[in-house]
Amino acid sequence: QVRLVESGGGLVRAGESLRLSCAASGSYLNAMGWYRQPPGKQRELVATITSGGSTNYADSVKGRFTISRDDAKNTLYLQMNSLKPEDTAVYYCNGVEVTTIAASRFEHEYWGQGTQVTVSA
């Protein structure tokens with residue numbers, strides 16, 4: 001059973017930085033990512049990273065956030081710099097496990113419980 005546990009959230013002021021971590025256990029996850037859900041809004045993509053290290057970012061965080069993964073530690077990171085009040089949200093870790101059975105490909109998606117990030121003006 002795959003388990004994702006986020007940590008590193010908190011309350012910071014605008015312009016400050018935070019680093020989120022997501023510890024994964026149970027299986028290797030091919031693609032991983034961070035999503036967030038601002039108050040009263042739908043969950044949205046923040047950044048993703050493949051097993052090969054290719055990254056993708058939402059336009060709103062490009063140049064400020066950096067996603068990375070340490071497969072030796074089974075940990076995903078999100079370095080968040082120059083934080084803005086609009087970055088306030090619950091941040092969720094996401095992972096996709098790919099399995100192949102009899103030449104058929106299956107994808108299983110997993111989510112962490114979320115960690116609150118609050119940025120004050």
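About 60 Å³ of space lies in the largest cavity of this predicted model. The count of cavities of 30 Å³ or more comes to 1. Its lining consists of Ala24, Ser27, Tyr28, Leu29, Met32, Arg69, Asp71, Asn74 and Thr75. By class, the lining residues divide into 4 nonpolar, 3 polar and 2 charged. Several of these residues recur below, in the core, in β7 and in the turn that follows β7.

**The nonpolar core**

In soluble globular proteins, nonpolar side chains tend to be buried together. Here the largest nonpolar core has 28 residues, and those with the most contacts inside it are Leu4, Met32, Trp34, Leu78, Met80 and Tyr91. Two or more residues each come from β3 (18–25), β4 (31–37), β5 (44–49), β7 (65–70), β8 (75–80), β9 (89–101) and β11 (115–120). The largest share, 4 residues, is given by β3.

Leu4 shows how distant parts of the sequence meet. Leaving aside residues up to four places away in sequence, Leu4 touches Cys22, Ala23, Ala24, Leu29 and Met32, as well as Cys93, Asn94, Gly95, Tyr110, Trp111, Gly112 and Gln113.

One of these partners, Gly95, lies in strand β9. Gly95 counts as buried because its relative accessibility is 0%. Beyond four places in sequence, the contacts of Gly95 are Leu4, Leu29, Ala31, Met32, His108, Glu109 and Tyr110. Ser7 is 88 residues from Gly95 in sequence, and their C-alpha atoms are 16 Å apart in space.

**The β7–β8 hairpin**

β7 and β8 pair in the antiparallel sense over 6 bridges. They form a hairpin with 4 residues between them. Along β7 the side chains alternate: Phe65, Ile67 and Arg69 point to one face and are buried, whereas Thr66, Ser68 and Asp70 point to the other face and are not buried.

Arg69, in strand β7, is a charged residue on the buried face. Arg69 is classed as buried because its relative accessible area of 17% is under the 20% cut-off. The bridge partner of Arg69 in β8 is Leu76. Not counting residues up to four places away in sequence, Arg69 touches Tyr28, Leu29, Asn30, Ala31, Met32, Ile49, Thr50, Ser51, Thr75 and Leu76. Of these, Ser51 is 18 residues from Arg69 along the chain, with 8.7 Å between the C-alpha atoms. Tyr28, Leu29, Met32 and Thr75, like Arg69 itself, also line the largest cavity.

**Positive phi outside glycine**

Most residues other than glycine have a negative phi, and most peptide bonds are trans. Two residues that are not glycine have a positive phi in this model, as set out below.

| Residue | Phi | Location | Relative accessible area |
|---|---|---|---|
| Asn74 | about 55 degrees | loop between β7 and β8 | 42% |
| Ala103 | about 70 degrees | loop between β9 and β10 (104–111) | 78% |

Asn74 is in the turn of the hairpin formed by β7 and β8. Why does Asn74 count as partly exposed? Its relative accessible area is 42%, which falls between the 20% and 50% cut-offs, so Asn74 is neither buried nor exposed. Asn74 is also among the residues that line the largest cavity. Ala103 is exposed, because its relative accessible area of 78% is over 50%.

Technical notes:
Residues numbered from 1 in each chain as written. Predicted model: local features only at pLDDT ≥ 70, side-chain atom pairs only at ≥ 80, totals over all residues. Heavy atoms only, no water. Core = buried A, V, L, I, M, F, W, Y, C linked by side-chain atoms within 4.5 Å. Buried < 20%, exposed > 50% of the residue type's maximum accessible area, 1.4 Å probe, protein only. Contact = heavy atoms within 4.5 Å. Pairing = 2+ DSSP bridges. 1 Å grid on protein atoms, 1.4 Å probe; cavity = no way out; pocket = protein on both sides within 12 Å on 5 of 7 lines; lining within 4 Å. Points joined across faces, edges and corners; volume = space filled by probe spheres on them. Nonpolar A, V, L, I, M, F, W, Y, C, P; charged D, E, K, R; others polar.
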